[in-house]
Amino acid sequence: MKAIEFNSLRILISLLCCQLFNTAEHEDVVKHAIKLHRGKGAAVTQRKQWVLENCRKLSGLLRQKNVVLNKLKNAIKSVEKDLGLSDEEKLFQVHTFEIFQKELNESENSVFQAIHGLQRALQGDYKDVVNMKESSRQRLEALREAAIKVRGVNFEAVLRVEEDEADSKRNISKREVEDDLGLSMLIDSQNNQYILTKPRDSTIPRADHHFIKDIVTIGMLSLPCGWLCTMIGLPTMFGYIICGVLLGPSGLNSIKSIVQVETLGEFGVFFTLFLVGLEFSPERLRKVWKISLQGPCYMTLLMIAFGLLWGHLLQIRPTQCVFISTCLSLSSTPLVSRFLVGSARGDKEGDIDYSSVLLGMLVMQDVQLGLFIAVMPTLIQAGASTYSSIVMEILRILILIGQILFSLAAVFLICLVIKTYLIGPYYRKLHAESKGNKEILILGISAFIFLMLTITELLDVSMELGCFLAGTLISSQGHMVTEEIISCIEPIRDFLAIIFFASIGLHVFPTFVIYELTVLLFLTLSVVIMKFVLAVLVLSLILPKSSQYIKWIVSAGLAQVSEFSFVLGSRARRAGIISREVYLLILSVTTLSLLLAPALWRAATMKCVPRPERRSST
């Protein structure tokens, strides 16, 4: 048996040798090797002579390779000693010689790696699944090492995975197989997976079946998850996040087109911010505008100050501290709105009711959210700081602030022009054309959202701010217009928001929450207590004396973290502002704070709301 394996190995070595010489003779050499291996058509002496001849050629090639390597070393030394060449020319020529040296060494290593791989395959058991997986893993490692970088372009081998198992059970012509290759999955040396985006032949209709199955699966599983959260009194977004956790890498791992799902979820963010801007009403702020303006600003500044202090003690980057503090300073408008359904007004004439103060402060936080999203590109630039001089750093920050102010001024000037001259006639035209046909109205509003999105992106402001401003511009046309558009856009927003929160769940790992549960509970309680104390402190300074009693209820309503921290966290994670661990911490703390919010609100209302109002507010 060993003799047979040795003869087989010698034949395979010779086969590899011949591939180095003449690719035109490849097929004839393979046929000849097969005949020799089977003992047909050649005598023993002829086989030995054939193997020795090809091994001699291989050893000759290796000797030539060594000679060439020595010549390249001498050439590099002569280039380095040449005084007539500039440093750039020397570097270029030396780099060229080194690439050639590396290519020769890699070619030699590939030959011997192939020989060892064939030897393992001959000695292994083809029925052993574990052995086959290990061999595949070793081949992937070899492919990863074979990647060559030349002038910023990566040349590397990829694997093509055919996942249609039914193909093996039915006869398919070669042409049909080639047509279906476009829907195969490619895996590179870093284990990234790719699918077709633009086919060579655009006349053949194609569909990404992975993506279709993923959306169908998310839609089907989101219903029971959201239903369950509704039954136990939690916001439905928790159910959608749980759906993503169950289907994602930490669960069943059934979602294949993760990037495509996240891309579709981005439209959920766009339409959500549009509706937030659409519900922005200056009339809500008219009575409590000073409190609504001052309260959120003071709270945000205090949160940032505390964040920078802790960041300095823990040696965390200032950019990261500012981002985390701003995220945690926001509170959930939808959740508090549910708390305030049917809430009563002030019990004394002239008092300020807590519902107006809460809604006013939440609306101003929504405005802050839009502005902060607009500033995020600047935070990314600030995080990439390479200056060591304090003066240069301050100068760079001032330049960035100037860019922000210029971009925001340009955006608001464009909004003023649109509000004055364009939005009124545009909506009246849409309303006239959409009688009996709501799709024209939906398409027209969506086009306006995408127009504002494009304008803000061109001005180096975030796209989300454009969506928010589109909503505020349309809301300026009156309450009836707002109600009509909400009835059309809200179902679209709801479906896309399901996809967005499910895509958030794809990146949540329950094992992280379980292992770090003690730390997460401590952080969540710290954030909730800090927000409550800061809100009480700020409201004590800005509320009239006759309305001081509502500060406890308003503070309880603001003591959780907004679900928009999911949006900000995903943006910051993608931009590299925060690390993966910080992103998971933000998600976990936000979720736990929202879970604690109903209990805190119920306790505050039971303690502070007068008895006749308590039934309606709870």
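## A walk through the chain, starting at W310

With a relative accessibility of 48%, W310 counts as partly exposed, because that label covers the range between buried (under 20% relative accessible area) and exposed (over 50%), using a 1.4 Å probe and protein chains only. Before we go on, please note that this is a predicted model: local features need pLDDT of at least 70 and side-chain atom pairs count only at pLDDT 80 or more, while totals for chains, interfaces and linings use all residues. Residues are numbered from 1 along each chain as its sequence is written, and side-chain values use heavy atoms, with hydrogens and water left out.

Let us stay with W310 for a moment. This residue sits in helix α11, which covers residues 289-314. Helices here are DSSP runs of H or I with at least four residues, strands are runs of E with at least two, and both are numbered from the N terminus. W310 belongs to a nonpolar surface patch of about 600 Å², together with F306, L309, L313, L314 and I316. A patch is built from residues with over 30% relative accessible area and no salt bridge; nonpolar side chains (Val, Leu, Ile, Met, Phe, Trp, Tyr) are joined within 5 Å, and like charges within 9 Å.

Now step back to the whole chain. There are 24 helices and five strands. Of the 618 residues, 39% are buried. The chain exposes about 36,000 Å², and carbon and sulfur atoms supply 63% of that surface; such areas come from the Shrake-Rupley method with a 1.4 Å probe, and for residues only the protein chains shown count as cover. Contacts, meaning heavy atoms within 4.5 Å, often span long stretches of sequence: among those between residues at least 6 apart, 73% join residues at least 24 apart.

A good place to see such a link is where two loops meet. S332 lies in the loop between α12 (318-329) and α13 (333-339), and S562 lies in the loop between α21 (551-558) and α22 (564-575). Are these two serines buried or exposed? S332 counts as buried at 2% relative accessibility, and S562 is buried as well, at 3%. Setting aside residues up to four places away in sequence, S332 touches L362, Q560, V561, S562, E563 and L594. Seen from the other side, and with the neighbours within four places again left out, S562 is in contact with L330, S331, S332 and T590.

Q560 also lies in the loop between α21 and α22, and is buried at 1% relative accessibility. Its partners, not counting residues up to four places away in sequence, include L330, S331, S332, L335, V336 and K531. How far apart are Q560 and S331 in sequence, and how far apart in space? The two are separated by 229 residues along the sequence, yet their C-alpha atoms are 5.7 Å apart.

Next, find the pairing of helix α9 (residues 258-278) with helix α18 (residues 479-505). Their axes come within 7 Å and cross at roughly 145°; each axis is a line fitted to C-alpha atoms over the stretch in contact, and angles run from 0 to 180 degrees between N-to-C directions. The contact draws on many residues, among them V261, L264, F267, F271 and L275 of α9 and I485, I489, R493, L496 and F500 of α18. The crossing is left-handed, a term for a near helix turned anticlockwise from the far one by less than a right angle, with clockwise giving right-handed.

Helix α18 also brings us to the salt bridges, of which the whole structure has four. A salt bridge is a side-chain nitrogen of Lys or Arg within 4 Å of a carboxyl oxygen of Asp or Glu. One of them joins E484 and K438, at 3.4 Å from N to O. E484 is in helix α18 and K438 in helix α16 (residues 438-458), so this pair ties together parts that are 46 residues apart in sequence. E484 is buried at 16% relative accessibility, whereas K438 is partly exposed at 43%.

Further along, the side chains of E490 and R493 meet in a salt bridge of 3.3 Å, N to O. Because these residues are three apart in helix α18, about one helical turn separates them. R493 forms a salt bridge with D494 too, the closest N and O atoms being 2.9 Å apart, and E490, R493 and D494 are thus linked in a network of salt bridges. R493 is buried, with a relative accessible area of 16%, while E490 is partly exposed at 30% and D494 is partly exposed at 37%.
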